[in-house]
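Dear colleague,

I am passing on the structure we spoke about, and below it you will find my notes on what came out of it. Please read them with the coordinates open.

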Amino acid sequence: MPYTGWWWRYCALGTFSWAALWPLVVVEQTMKAANYLNIIADHLHPYMGRQTPTGNGIFQQDNALCHKARIVLKWFEEHTDEFHVMSWPPNSPDLNPMEHIWDFMKR
């Protein structure tokens, strides 16, 4: 069932690990590369630093356009000593554990 009404105007980004959940980040604007990069720098970076202080954390994201933008990829390259970005095959939502959480929440 497609989203309708007010919810469609918002984007929520969730972060979790085996040890902890991080609060959802609700974005009330179109998700462009610059917006995504700000969220990564302001929210993901501190979370990964606390959860994986040795730099062995793995970050997973899909192939959305804002995730593959040059400025975002450059930022991740500059932070490879802090955590790694998992390679993501196209058209593979089954690999994304967040999709299963969203499915559970819709019920």
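Since what follows leans on it, let me begin with pLDDT, which is the predictor's confidence in each residue, on a scale from 0 to 100. This is a predicted model, and over residues 1-8 its pLDDT stays under 50, with 3 contacts beyond four places in sequence in the model for that stretch. The chain as a whole averages a pLDDT of 78, and 84% of the residues score at least 70. Among the elements of the chain, the highest mean pLDDT, 94, belongs to α2, while the lowest, 70, belongs to strand β1, residues 11-16.

Turning to the interior, the largest nonpolar core comprises 18 residues, and those with the most contacts inside it are Y36, I40, L44, F59, V72, F76 and F83. At least two residues of this core are supplied by each of β2 (21-27), α1 (33-51) and α2 (70-78), and the largest share, 8 residues, comes from α1. In soluble globular proteins, nonpolar side chains tend to be buried together. For V72, leaving aside residues up to four places away in sequence, the residues touched are A33, Y36, L37, C66 and H67.

A polar residue of helix α1 also deserves a look, namely N35. Its relative accessibility is 18%, and because buried means under 20%, N35 counts as buried. The side chain of N35 reaches the backbone oxygen of T30 at 2.6 Å, and, with residues up to four places away in sequence not counted, N35 touches both Q29 and T30.

As for charged pairs, a search of the whole structure finds 1 salt bridge, formed by K74 with E78, whose closest N and O atoms are 3.8 Å apart. Both K74 and E78 lie in helix α2, 4 residues apart, which is about one turn of the helix. Side chains of opposite charge can pair when their charged atoms come close. E78 has a relative accessibility of 47% and therefore counts as partly exposed, given that this class runs between the 20% and 50% cut-offs.

Finally, T15 is found in strand β1, the element with the lowest mean pLDDT, and its surroundings should be read with that in mind. T15 touches L21, W22, L44 and Y47, again not counting residues up to four places away in sequence. Between T15 and H43, which are 28 residues apart in sequence, the C-alpha to C-alpha distance is 9.2 Å.

With best regards

Methods. Residues numbered from 1 in each chain as written. Predicted model: local features only at pLDDT ≥ 70, side-chain atom pairs only at ≥ 80, totals over all residues. Heavy atoms only, no water. Core = buried A, V, L, I, M, F, W, Y, C linked by side-chain atoms within 4.5 Å. Buried < 20%, exposed > 50% of the residue type's maximum accessible area, 1.4 Å probe, protein only. Contact = heavy atoms within 4.5 Å. Polar contact = N/O pair within 3.5 Å; in protein donor to acceptor, adjacent residues only side chain to side chain. Salt bridge = Lys/Arg side-chain N within 4 Å of Asp/Glu carboxyl O.
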